[in-house]
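Colleague: I am new to this structure and would love a close look at one part of it, with enough of the surroundings to find my way. Could you start with the vocabulary I will need?

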Amino acid sequence: MAERILTDKMIEEIRAFIPRYPSKQAVTVPALHIVNEHLRCVPRQAVVEIAQILELHPSQVQDTLTFYGYFKQDAPGGKCRVWVCRSIACALRGADELLEHLEHKLHVKAGETTPDGRISLEYAECLGACEHAPCILANDDLHQSVSPEQAEQLVASVK
Ligand code: FES
C-alpha cells in the first residue's frame, strides 16, 4: 500500500470546507488547491486520498485536476509560477517574444521548472487585462504592459 501523502493539517483543512459546500464533491477544487499550496503539486496518491475524504472515485478527482490544467502532478512547480499570457491581445503585442526571452534567460521551455526549483515558466490564456497587453502573472501578482527587460527583472527578483 502506498505511503500516505496528505498530512493531518491538509486533511483538517480539506474537512473544514465540507460544511461550507452543498456536497462533498463540490470540495474537490478547494481540496486540490490545499494540497497544491502545501506540495506545489498534486501527486496521484494525493488524488486517491482526496477521493477517500470526499467519498468520490479517484477518477472524479483526477478529472477535475486535469480539466483545469493548473495543477502539476508529476513534480512540484516552482516556488514562483510565471504565467505568460498567449491569448490574442497579448500575442499581438509581443507575448511570444516575451516568452522566448524568458525561456532564454531561465534556460527552460514553457511548462518547465528551473533546476533550482525557483521558477516555473508557463503559458496562460487571457488574464483579463487585455488593454494592458502583454501580461504576466507571477504567482498572484498581475504585471501589465510588460517589456522583455521588465520580465527579466521580474524573474531575477524571485528569490
Ligand atoms: S489576451 Fe492577455 S490579458 Fe487578455
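Modeller: Gladly! A residue is called buried when its relative accessible area is under 20%, exposed when it is over 50%, and partly exposed in between (1.4 Å probe, protein chains only). Please keep in mind that this is a predicted model, where local features need pLDDT of at least 70, side-chain atom pairs count only at pLDDT 80 or more, and totals for chains, interfaces and linings use all residues. Residues are numbered from 1 along each chain as its sequence is written, and side-chain values use heavy atoms, leaving out hydrogens and water.

Let me give you the surroundings before we zoom in. The protein chain holds 7 helices and 4 strands (DSSP runs of H or I, at least four residues, and of E, at least two, numbered from the N terminus). Following the sequence, you meet them in the pattern α-α-α-α-β-α-α-β-β-β-α. Of the 159 residues in the protein chain, 42% are buried. The C-alpha trace spans about 50 × 30 × 25 Å along its principal axes. The domain assignment (automatic or from a database) splits the protein chain into domain 1, residues 8–67, and domain 2, residues 80–158. Their centres, taken over C-alpha atoms, are 29 Å apart.

The part I would pick for a close look is the group of helices in domain 1. Let us begin with helix α1, residues 8–17, and helix α2, residues 28–39: their axes come within 9 Å and cross at roughly 155 degrees. Axes here are lines fitted to C-alpha atoms, for helices over the stretch in contact, with angles from 0 to 180 degrees between N-to-C directions. This crossing angle is why α1 and α2 are described as roughly antiparallel to each other (over 145 degrees; under 35 is roughly parallel, 65 to 115 roughly perpendicular and the rest oblique). On the α1 side, the contact is made by K9, M10, E13, I14 and F17, and on the α2 side by P30, A31, I34, V35, H38 and L39. Contact means heavy atoms within 4.5 Å.

Helix α2 also packs on α3, at an angle of about 140 degrees and with the axes 11 Å apart. The pair α2 and α3 is therefore oblique. From α2, the residues T28, A31, L32 and V35 take part, and they meet A46, I50 and L54 of α3. You can spot A31 and V35 among the α2 residues that touch α1 and again among those that touch α3.

Now turn to helix α3 itself, residues 44–54. Its buried residues are A46, V47, E49, I50, A51, I53 and L54, and they pack against α1, α2 and α4. Just after α3 comes E55, whose phi is positive, near 55 degrees, in a residue other than glycine. E55 sits in the loop between α3 and α4, and it counts as exposed because its relative accessibility is 62%.

Past that loop lies helix α4, residues 58–68, which includes Q62. Q62 counts as buried because its relative accessible area is 17%. Apart from neighbours within four places in sequence, Q62 is in contact with R44, V47 and Q73. One of these, V47, is among the buried residues of α3.

For comparison, let us visit the other part of the protein chain. Its 4 strands form an open sheet of mixed pairing, in the order β2-β1-β3-β4. The edges are taken by β2 (119–124) and β4 (141–143), each with a single partner strand, so one side of each has no neighbour in the sheet. From one strand to the next, the twist averages 20 degrees. Strand β1 (80–85) and strand β3 (136–138) pair in the antiparallel sense over 3 bridges, where pairing needs at least two DSSP bridges between the strands. In that pairing, V82 has A138 of β3 as its bridge partner.

Two loop spots here are worth a look. The peptide bond from A133 to P134 is cis, with omega near 0 degrees, and P134 belongs to the loop between β2 and β3. H107 has a positive phi of about 60 degrees without being a glycine. You will find H107 in the loop between α6 (95–106) and β2, where it counts as exposed because its relative accessibility is 69%.
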